[in-house]
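Here is a small set of exercises to work through with the model open beside you. Try each task before you read its solution.

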Amino acid sequence: MSPKTWLRERSELGFGALLFLLGVLVLTDALTLDADLTGRGPVGPATVPLVVGCGLVVVAVLLSLDVLRGGRGEAEAGEDVDLSEPADWRTVLLLAGVFLAFAVLIGPVGFPVAGALLFWGSAYALGSRHLHRDPLIAATLSLLTYVVFDKLLGVPLPGGPLMGVI
Amino acid sequence: MDSLNSLIDGFGTALTPMNLLWAAIGVLLGTAIGVLPGIGPAMAVALLLPVTYGLEPTGAFIMFAGIYYGAMFGGSTTSILLNTPGESAAVVAAIEGNPMAKAGRGAQALAAAAIGHFAGGMIGTILLVVLAPTVAALAVDIGAPDYLALMVLAFIAVTSVLGSSRIRGLASLLIGLTIGLVGLDQMTGQQRLTFGSLQLADGVDVVIVAVGLFAIGEALWVAAHLRRTAGEAIPVGRPWLGRDDVKRTWKSWLRGPVIGFPFGAIPAGGAEIPTFLSYVTEKRLSKHKEQFGKGAIEGVAGPESAASASAAGTLVSMLTLGLPTTAVAAVMLAAFQQYGIQPGPLLFEREPDLVWGLIASLFVGMVLLLALNLPLAPVWAKLLRIPRPYLYAGILFFAAVGAYAVGGEALDLVILLVIGLIGLGMRRYGLPVLPAVIGVILGPAAEQQLRRALQISDGSVTGLVDTPFSVTVYAVVVILLAWPLLRKVIIRRGGTR
């Protein structure tokens, strides 16, 4: 077996490594807390983070050992999940990108426009290719959501320059 | 009798036209979202949370109760007609319900499920009315060490009962506890894991964690493995039951709650175990054993009734102890916290209008569910044909709306995405999501109780176990932890005999 396939079959080790790093991060943060203020009460603000951090490190090691011994986390099944095909990480990256763009755009252009782009972009990334129907549904949904939340339900969303014009 | 009077007052609250309207909207929205494939009750409740932000608490929770029951009912419709349940509680409904639908008895399966939900929910809610005030009265006297013990029990129960791997459950819990640590320490105001960011000093909102793990995590995970051809839903007419079917199922409807309610009230993972137990019981007691696996109607009726009753049981520990035992209850607790209301023994004294209005609206919601869902079932079935790109784009869209509505911060959206990516990783490597959500919600509370208990005992660890209650709870924790070992010993003894 080549090293590459060996690693691919044990990609969960990477997850263990992430947990380990997270544990180290929590521990470092707990140990660098301002010591003067920790005196109040028998248990200071650092105690629980220390326990959680140690727990993360221990679990990371145990999880990695489990993987090396042949244990595997069972990938979650679902109604629209097809586990027989290899994972399509390109779609996931595209979706994450569209979502980040929404986070950046919502301030400057307002919810109706940014929301429409989010829906259209996500539908496109997921494989929908209706040139006219997709943007129309996106725009309607976004505008309707804006009106229902902002005007009817009293949950404020930014209208942006477009709503300023209307 | 006291609770009966309170309940009547509660009906006074629930039956005002406005609250009745919220209940109806909640039931309809909950069912519609719950029917959509890939959306379980927890995600439905998390996604619909922002809808209630603008309402006053009573109206919001009445709507919420409708969403909860509606989403559960919608979930079983999906399993029966599509055979690929999105949530564990509906797995059993698919085992018998889908073969029934394939054999052209979908209408009967849906009716058995709907009436099962109604019966289970009614009996469960009556038990809630009877038990909750008593539990609350008993719980008023319990102190910090007892609360801590209960929370430890919840942590251990969700990590070791659920899922196939304890170490992965524990990893999930620790991820949740870590997210819960972010922000200012409640007692000293020290910044923890904030990395100097002002926004992180407020902590990560529980709603964002719930939406991130349930909605974004799920949408991204499905996106990575999207089925090229969506499963074919079986068309169905209006649900109805013949006299023979009623004769076969009425006992199952009544047996379900007996199994479901107790399991819902204890932290053992909600409806998963009781639905399965109910299924096994129905199979053993049935006169039509040969039909099981091929579409036995009792196998739909009993488990669905058990699931609904367990949802009511969940509310007992959630309302009286502030202890969520399922993902939906966890999200509901987050909703309470949004309004600055802390569920617990004092809730019944401090907010009687709200609590009894909520309980009364559970009854109202169930009647509405039965009245609306039997005639509307063919419409709900059409929702199963929604193109998948639109469905998952819609989930991302509404998750974004919900996260933004929490505080109007664009940074929350980035945090939402990061938590969603964590949720994706957890699904990939078989980490259950529930322990993480419980960790985020109960972690800070448990820490506070721990420090309070130790302050009272002046730092002595014995202060954590100085009440009979806490000792009992820790004993249960030890049994849970030692169970795999105990089982081995028992099996070995049985073998040598």
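**Exercise 1: Around one isoleucine**

Task: Which residues does B:Ile419 touch, leaving out those up to four places away in sequence?

Solution: B:Ile419 touches B:Val204, B:Ile208, B:Val209, B:Gly212 and B:Leu213 once residues up to four places away in sequence are set aside. Keep in mind that this is a predicted model. Next, place the residue: B:Ile419 belongs to helix 17 (residues 410-428) of chain B. Then check its exposure: the relative accessible area of B:Ile419 is 5%, and buried means under 20%, so B:Ile419 is buried. Finally, look away from these contacts: B:Ser310 is 109 residues from B:Ile419 along the chain, and their C-alpha atoms are separated by 29 Å.

**Exercise 2: A helix and its length**

Task: What span should the 26 residues of helix 4 (residues 57-82) of chain B have, and how far apart are its end C-alpha atoms?

Solution: Start with the expected value: at 1.5 Å a residue, helix 4 of chain B should span 38 Å. Now compare this with the model, where the end C-alpha atoms are 36 Å apart, which agrees. As a last step, consider the surroundings of helix 4 of chain B: 25 of its 26 residues are buried, so the helix is largely enclosed by the rest of the structure.

**Exercise 3: Two chains, two builds**

Task: How does the radius of gyration of chain B relate to the globule rule for 497 residues, and what does chain A have against a compact globule of 166 residues?

Solution: Begin with chain B, whose secondary structure comprises 19 helices and two strands. The radius of gyration of chain B is 22 Å, close to the 23 Å from the globule rule, so chain B is as compact as a globular protein of that length. Its C-alpha trace spans about 65 × 60 × 50 Å along the principal axes. In chain B, 62% of the 497 residues are buried.

Turn to chain A, which has seven helices and zero strands. For a compact globule of 166 residues the radius of gyration would be near 15 Å, but chain A has 24 Å. The C-alpha trace of chain A spans about 60 × 55 × 25 Å along its principal axes, and 40% of its 166 residues count as buried. The domain assignment offers another view of chain A, giving domain 1 (3-68) and domain 2 (89-165). The centres of these two domains of chain A, taken over C-alpha atoms, are separated by 37 Å.

**Exercise 4: Reading aromatic pairs**

Task: How many aromatic pairs does the structure hold over all chains, and is the pair of B:Phe11 and B:Phe363 stacked, edge-to-face or tilted?

Solution: The count over all chains is 13 aromatic pairs. One of them joins A:Phe102 and A:Phe111, with 6.2 Å centre to centre and 85° between the planes, an edge-to-face pair. Both A:Phe102 and A:Phe111 are buried. For B:Phe11 and B:Phe363, the ring centres are 6.0 Å apart and the planes lie at 35°, so this pair is tilted. The pair links distant parts of the chain, 352 residues apart: B:Phe11 is in helix 1 (residues 2-14) of chain B and B:Phe363 in helix 15 (residues 352-383) of chain B. B:Phe11 is partly exposed at a relative accessible area of 26%, whereas B:Phe363 counts as buried at 10%.

How values were computed
Residues numbered from 1 in each chain as written. Chains lettered and ligands numbered in written order. Predicted model: local features only at pLDDT ≥ 70, side-chain atom pairs only at ≥ 80, totals over all residues. Heavy atoms only, no water. Phe/Tyr/Trp six-rings, centres within 6.5 Å; stacked < 30°, edge-to-face > 60°. Buried < 20%, exposed > 50% of the residue type's maximum accessible area, 1.4 Å probe, protein only. Helix = DSSP H or I, 4+ residues; strand = E, 2+ residues; numbered from the N terminus. Contact = heavy atoms within 4.5 Å. Domains from an automatic or database assignment. Expected span 1.5 Å × (residues − 1). Rg over C-alpha atoms; globule rule 2.2 N^0.38 Å.
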